[in-house]
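Q: I have a model open and would like to learn how to read it feature by feature. Where do we begin?
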Amino acid sequence: LLSIEQDYVFTFFDTRTACQFIQDEHTRDKCEKEYLDERKFIVLSYNERKWRYAIGDEVKLWLTERLPVWLDEEPAWFDDYRKAMILDWMVDDPNLLAELRNEGVIAILSERRKSIVRVGVSPSASPGSPQRTL
């Protein structure tokens, strides 16, 4: 630790849990305004169980406010993979959800579901008794 530049020592220690860290990443506003939405969007890439119950309503409200802007402005970072990260429960407006689910997003979601099925069930399992693989 003595050989580390002192300005970066704090990056090696944190007393927060993983859940607290993830929630803080969404709620803090310590970056340039033009990158704030992209930075806050990162919470959707983490396991939903780590943030939904603590800040799920806040995330949903933020998405409700920002989603129409992103769909209109189409920022470079808001690609089909990021659109696919937005779960259906997060969007109340059915028209907005329909606009969000374009062909590319639907293909990504479909492929994701297929891969979950391929990973989740062993091919050697006998019919009627699926076995989970690790």
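Q: Is Asp37 buried or exposed?
A: Start from relative accessible area, where under 20% counts as buried. The model here is predicted. Asp37 has a relative accessible area of 14%, so Asp37 is buried.

Q: Which side chain does Asp37 meet in a salt bridge?
A: Look for a Lys or Arg nitrogen within 4 Å of a carboxyl oxygen. Here the partner is Arg66, at 2.7 Å from N to O. This pair links distant parts of the chain. Asp37 sits in helix H2 (residues 33-41) and Arg66 in helix H3, 29 residues apart.

Q: How many salt bridges does the structure hold?
A: The total is seven. One of them joins the side chains of Asp24 and Arg16, with N and O 2.9 Å apart. Asp24 is partly exposed, at a relative accessible area of 30%. Arg16 is partly exposed as well, at 32%.

Q: What are the values for the salt bridge between Glu48 and Arg52?
A: The closest N and O atoms of Glu48 and Arg52 are 2.9 Å apart. Then check the cover on each partner. Glu48 counts as partly exposed, at 22% relative accessibility. Arg52 is partly exposed too, with a relative accessible area of 31%.

Q: Let me step back to the fold. How many helices and strands does the protein have?
A: Count the secondary-structure elements, then read their order. This protein has six helices and zero strands. Along the sequence the pattern is α-α-α-α-α-α.

Q: What share of the residues counts as buried?
A: The figure is 27% of the 134 residues.

Q: How do I tell whether a helix is straight? What does H3 span between its end C-alpha atoms?
A: Compare the end-to-end span with that of a straight helix. H3 covers residues 52-73. A straight helix of 22 residues would span 32 Å at 1.5 Å a residue, but H3 spans only 27 Å.

Q: Where in H3 does a kink lie?
A: Follow the local axis along the helix and look for a change of direction. In H3 a kink of about 40° lies at Arg66, shortly before the proline Pro68. Arg66 is also the residue that meets Asp37 in a salt bridge.

Q: Which residues of H3 are buried?
A: Begin with the helical repeat. An α-helix has 3.6 residues a turn, so residues three or four places apart point the same way. Now read the list for H3. Ile55, Gly56, Val59, Trp62, Leu63, Leu67, Trp70 and Leu71 are buried.

Q: Which residues have the most contacts inside the largest nonpolar core?
A: Trace buried nonpolar side chains that are joined to one another. The largest such core has 20 residues. Phe41, Leu44, Leu63, Leu67, Phe78 and Ile86 have the most contacts inside it. H3 and helix H5 (94-100) each supply at least two residues of this core. The largest share, seven residues, comes from H3.

Q: Where does Ile86 lie?
A: A core residue needs placing in the chain too. Ile86 lies in the loop between H4 and H5. With a relative accessible area of 0%, Ile86 is buried. Next, look across the chain. Ile86 and Ser45 are 41 residues apart in sequence, with their C-alpha atoms 9.5 Å apart.

Q: Is Leu87 buried or partly exposed?
A: Leu87 is partly exposed, at a relative accessible area of 31%. Leu87 also has its place in the loop between H4 and H5. The C-alpha atoms of Leu87 and Leu44 are separated by 8.9 Å, with their positions 43 residues apart along the chain.

Q: Which phi does Glu74 take?
A: The background first. Most residues other than glycine have a negative phi. Glu74, just after H3, takes a positive phi of about 50°. Glu74 lies in the loop between H3 and helix H4 (80-85). With a relative accessible area of 60%, Glu74 is exposed.

Q: Which residues form a nonpolar patch on the surface?
A: Search the surface for nonpolar side chains that lie together. Phe21, Ile42 and Tyr46 form such a patch, with about 220 Å² of accessible area together. Phe21 lies in helix H1 (residues 18-27). Phe21 is partly exposed, with a relative accessible area of 32%.

Definitions and conventions:
Residues numbered from 1 in each chain as written. Predicted model: local features only at pLDDT ≥ 70, side-chain atom pairs only at ≥ 80, totals over all residues. Heavy atoms only, no water. Helix = DSSP H or I, 4+ residues; strand = E, 2+ residues; numbered from the N terminus. Expected span 1.5 Å × (residues − 1). Bend = angle between axes of the 7 residues up to and from the residue. Buried < 20%, exposed > 50% of the residue type's maximum accessible area, 1.4 Å probe, protein only. Patch = residues over 30% accessible without salt bridge, like charges linked within 9 Å, V, L, I, M, F, W, Y side chains within 5 Å. Areas by Shrake-Rupley, 256 points an atom, 1.4 Å probe, with all protein chains shown as cover. Core = buried A, V, L, I, M, F, W, Y, C linked by side-chain atoms within 4.5 Å.
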